Amino acid sequence: MFESIISTSEGLTAQSAIILTAVSIVFGGIAAAVYRITNRHYSKNLMVALVVLPALVQAVIMLVNGSVGAGIAVMGAFNLVRFRSAPGSARDICCIFYAVGIGLATGMGYVGFAAVYAVIIGALLTVLSFIPAFGTKRSAKLLRVLIPENLDYTDCFKDIFDEYLASVSVIQAKTTNMGTMYDLKYEIVLRDNLKEKELLDKIRTRNGNLTVSCGLLPENHEEL
């Protein structure tokens, strides 16, 4: 079952190369589907990359084919791509490695192993995404507030938060505008989603009508 379809005597043939490329694209589609299911805020660009990535890795592995020099050159090329890429969330990077693993298996001709790997890892990622302990907090939001430097940000909104929020934690506090303001970011969970406007109105009254924003908590804030 886990034997390579690349013959050791004949080497890589056109037929086996076409079969392996087609298998890589199909399993890449499975990886993209898993990514789409397990991510609320998915990227279409990353979905396309996940479909194509196994075939690209498979082609690289076939071209290297035991050559040390070619392997070093490929490693250097991958390092350049890594440092030119924008950082993603831990879940995005996991999906990328999932697709790379498929490409490595098909590149060596192990179609059976690639199929088992794609199904088991894909099913595991899908199941884990629906378990509350491993999922994202769907009700959590990102609250961003600008305050003047004379306000103590540690407790200036405590009474408002106690009234409207079920939970709140500070993500980041930094100075801005030449040190005359603080830019605060909170991860919040509202007690009642219908009272979001009331919350923002009370905060902007307290902070002198400076910028206040509330939106979805981005998943890519958890970077590796």
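**A β-hairpin, a buried helix and its aromatic neighbours**

In this predicted model, T175 stands opposite Y182 of strand β3. The two strands involved here are β2, covering residues 165-176, and β3, covering residues 181-190, and they pair in the antiparallel sense over 10 bridges. Between the strands of this hairpin lie 4 residues. Within the hairpin, N177 takes a positive phi near 55 degrees.

We may turn next to helix α5, which runs over residues 111-129. At 1.5 Å a residue, its 19 residues should span 27 Å, and the end C-alpha atoms are indeed 27 Å apart, so expectation and model agree. Seven names make up the buried set of α5: G112, A114, A118, G122, L125, T126 and S129. The elements that cover these buried residues include α1 (14-38) and α4 (90-107).

Helix α5 also contributes to the aromatic contacts of the model. The count of aromatic pairs comes to 5. One of them joins F113 and Y117, whose ring centres are 6.2 Å apart; because their planes meet at 20 degrees, under the 30 degrees that marks the limit for stacking, the pair is stacked. Both residues belong to α5 and sit 4 residues apart, about one turn of the helix. An α-helix has 3.6 residues a turn, so residues three or four places apart point the same way. F113 has a relative accessible area of 40% and is therefore partly exposed. A further aromatic pair, F157 with F161, is tilted, with 5.9 Å from centre to centre and 40 degrees between the planes. Here F157 and F161 are both buried. Ring pairs also reach beyond a single couple, linking Y98 with F113 and Y117 into a cluster.

The cysteines complete the picture. A disulfide is a covalent bond between the sulfur atoms of two cysteines. The structure holds 0 disulfides. C95, for its part, is in no disulfide, and the nearest cysteine sulfur, which belongs to C94, is 5.9 Å away. That separation can be set against the cut-off of 2.5 Å for a pair of cysteine sulfur atoms. With a relative accessible area of 1%, C95 is buried, because the value falls under the 20% limit. C156 likewise counts as buried, since its relative accessibility is 10%.

Terms used:
Residues are numbered from 1 along each chain as its sequence is written. This is a predicted model: local features need pLDDT of at least 70, side-chain atom pairs count only at pLDDT 80 or more; totals for chains, interfaces and linings use all residues. Side-chain values use heavy atoms; hydrogens and water are left out. The expected span of a helix is 1.5 Å times one less than its number of residues. Buried means under 20% relative accessible area, exposed over 50%, partly exposed in between (1.4 Å probe, protein chains only). Contact means heavy atoms within 4.5 Å. Two strands pair if DSSP finds at least two bridges between them. Rings of Phe, Tyr and Trp (its six-membered ring) pair if their centres lie within 6.5 Å; planes under 30 degrees apart count as stacked, over 60 as edge-to-face and the rest as tilted.
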